[in-house]
Amino acid sequence: MQKELFDRQAALQMLDNDESLLKMLLSGFLFEAPFDSDLLEKYINEKKFEDAAHYVHRVKGAARQLAATALKNKGQELEDLLRGKTQGSESLYFQLAKEFSMLYETTFTELKAEFEKL
């Protein structure tokens, strides 16, 4: 498992080595409010950038709590663009959203495998 996708030791360290809490956080990430790439794309198509930024922020925060660094970092990059903290063309919005969505899917698979081990 790539540490950029999920660093189990770092996640446990943030949780005082509480594996039951890690399992609870993984469950929340995987099953309670899954990410919908179509919804993100809809927000961007409709130029609802604040809604899109809020949606990405939720996933980014969960990724940070789970030491899923690559997803957290890509989420921050996309959120900054959506909030106007960085500049880019309209095509960049869609490119970063696609990269974020693909990274979410890869990370989801890794986290699900970890969840099933616990």
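How much space lies in the largest pocket? The views below take up this question and a few others, using a predicted model.

**View 1. The largest pocket and its lining.** In this predicted model, about 190 Å³ of space lies in the largest pocket. Its lining is made up of 13 residues, and those nearest the pocket centre are L25, G28, F29, A62 and Q65. Two helices, α2 (19-32) and α4 (49-65), each contribute at least two lining residues. The largest share, 5 residues, belongs to α2. Sorted by class, the lining holds 9 nonpolar residues, along with 2 polar and 2 charged ones.

**View 2. Helix α4 from end to end.** Here we follow α4, which is 17 residues in length. From first C-alpha to last, α4 reaches 24 Å, close to the 24 Å expected at 1.5 Å a residue. Look next for its buried residues: A52, A53, Y55, V56, V59, K60 and A63. These lie on the same side of α4 because they cover an arc of only 165 degrees around the axis. Their packing partners are α2, α3 (37-45), α5 (69-82) and α6 (90-117).

**View 3. Y55 and its surroundings.** Zooming in on one residue of helix α4, we come to Y55. Its relative accessible area is 11%, so Y55 counts as buried, the cut-off being under 20%. Which residues does Y55 touch, leaving aside its neighbours within four places in sequence? The contacts are P34, F35, D36, L39, L40 and Y43. For a sense of scale, the C-alpha atoms of Y55 and G88 are separated by 19 Å, and the two residues are 33 apart along the chain.

**View 4. A67, just past the end of α4.** Moving on from α4, you meet A67 in the loop between α4 and α5. This residue is not a glycine, although its phi is positive, at about 55 degrees. Is A67 buried or exposed? With a relative accessible area of 7%, A67 is buried.

**View 5. N17, in the loop between α1 and α2.** The final stop is N17, found in the loop between α1 (8-14) and α2. N17 is a residue other than glycine with a positive phi, near 60 degrees. Its relative accessibility is 57%, so N17 counts as exposed, a label given to values over 50%. Put beside the previous view, N17 is exposed, whereas A67 is buried.

Technical notes. Residues numbered from 1 in each chain as written. Predicted model: local features only at pLDDT ≥ 70, side-chain atom pairs only at ≥ 80, totals over all residues. Heavy atoms only, no water. 1 Å grid on protein atoms, 1.4 Å probe; cavity = no way out; pocket = protein on both sides within 12 Å on 5 of 7 lines; lining within 4 Å. Points joined across faces, edges and corners; volume = space filled by probe spheres on them. Helix = DSSP H or I, 4+ residues; strand = E, 2+ residues; numbered from the N terminus. Nonpolar A, V, L, I, M, F, W, Y, C, P; charged D, E, K, R; others polar. Expected span 1.5 Å × (residues − 1). Buried < 20%, exposed > 50% of the residue type's maximum accessible area, 1.4 Å probe, protein only. Arc of directions from axis to C-beta. Contact = heavy atoms within 4.5 Å.
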